[in-house]
Amino acid sequence: MTELEILEKLKEIFVLVVNRNADLSKTTMEDNIVTDLGVSSVGVIYLVVAIEEMFGIDMGDVTLNSFQTIGDVVKYIKEKL
């Protein structure tokens with residue numbers, strides 16, 4: 001799976017789990033999860049669970065501060081696949 005494919009799946013997860021009204025058409029790998037996308041600490045937990053389910057990976061080693069940007073998440077997922 002390419003980084004772009006992972007990014008597109010993350011956008012789907014974000015809309016479903018965190019913010020149903022989000023327009024992520026301009027989301028980039030450099031976007032900050034908290035400041036640019038407005039994900040709360042609880043939202044991060046929901047994202048982790050949804051990512052584990054969608055990609056079939058274990059994110060047990062992740063903390064709330066593990067990721068700053070969408071690119072950080074994409075790279076993490078790519079390494080786990």
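Begin by selecting helix α2, where Gly 43, Val 44, Leu 47, Val 48, Ala 50, Ile 51 and Phe 55 are buried. The model on display is a predicted one. Colour these residues of α2 and display their surroundings: the buried set packs against α1 and α3. Next, place a distance monitor on the terminal C-alpha atoms of α2. The helix has 15 residues and reaches 21 Å from the first C-alpha to the last, close to the 21 Å expected at 1.5 Å a residue. Then step just past the end of α2 and select Gly 56, which takes a positive phi of about 65°.

**Helix α1**

Select residues 3-18, which make up helix α1. The 16 residues of α1 should span 22 Å at 1.5 Å a residue, and the end C-alpha atoms are 21 Å apart, which agrees. Within α1, highlight Ile 6, Leu 7, Leu 10, Lys 11, Ile 13 and Phe 14, which are buried. Turn the view to look down the axis of α1: the buried residues fall within an arc of 165°, so they line one face of the helix. On the other side of α1, select Leu 4 and Leu 16, which are exposed. To see the partners of the buried residues of α1, add α2 (41-55) and α3 (70-80), against which they pack.

**Lys 11**

Return to Lys 11, whose place is in helix α1. Is Lys 11 buried or exposed? Its relative accessibility is 14%, and because the cut-off for buried is under 20%, Lys 11 counts as buried. Display the neighbours of Lys 11: setting aside residues up to four places away in sequence, Lys 11 touches Leu 24, Ser 25 and Thr 27.

**Ser 40 and the loop**

Select Ser 40 next, in the loop between α1 and α2. At 41% relative accessibility, Ser 40 counts as partly exposed. Add Val 18 to the selection and draw the C-alpha to C-alpha line: Ser 40 and Val 18 are 8.8 Å apart in space and 22 residues apart in sequence.

**Helix α3**

Move to α3 and select Ile 70, Gly 71, Val 73, Val 74, Tyr 76 and Ile 77, the buried residues of this helix. They pack against α1 and α2.

**The aromatic pair**

Keep Tyr 76 selected and add Phe 67. How many aromatic pairs does a search of the whole structure find? The search finds 1. Phe 67 and Tyr 76 form this pair, with an edge-to-face arrangement, 5.3 Å centre to centre and 70° between the planes. Phe 67 is buried, with a relative accessible area of 15%, and Tyr 76 also counts as buried, at 12% relative accessibility.

**The largest pocket**

Finally, display the largest pocket, in which about 290 Å³ of space lies. Which residues lie nearest its centre? Select Ile 33, Leu 47, Phe 67, Ile 70 and Val 73, which hold that position among the 24 residues of the lining. Several of these have appeared earlier on the tour: Leu 47 is one of the buried residues of α2, Ile 70 and Val 73 are among those of α3, and Phe 67 belongs to the aromatic pair. Colour the lining by helix: α1, α2 and α3 each supply at least two residues. The largest share, 5 residues, comes from α1.

Terms used: Residues numbered from 1 in each chain as written. Predicted model: local features only at pLDDT ≥ 70, side-chain atom pairs only at ≥ 80, totals over all residues. Heavy atoms only, no water. Helix = DSSP H or I, 4+ residues; strand = E, 2+ residues; numbered from the N terminus. Expected span 1.5 Å × (residues − 1). Buried < 20%, exposed > 50% of the residue type's maximum accessible area, 1.4 Å probe, protein only. Arc of directions from axis to C-beta. Contact = heavy atoms within 4.5 Å. Phe/Tyr/Trp six-rings, centres within 6.5 Å; stacked < 30°, edge-to-face > 60°. 1 Å grid on protein atoms, 1.4 Å probe; cavity = no way out; pocket = protein on both sides within 12 Å on 5 of 7 lines; lining within 4 Å. Points joined across faces, edges and corners; volume = space filled by probe spheres on them.
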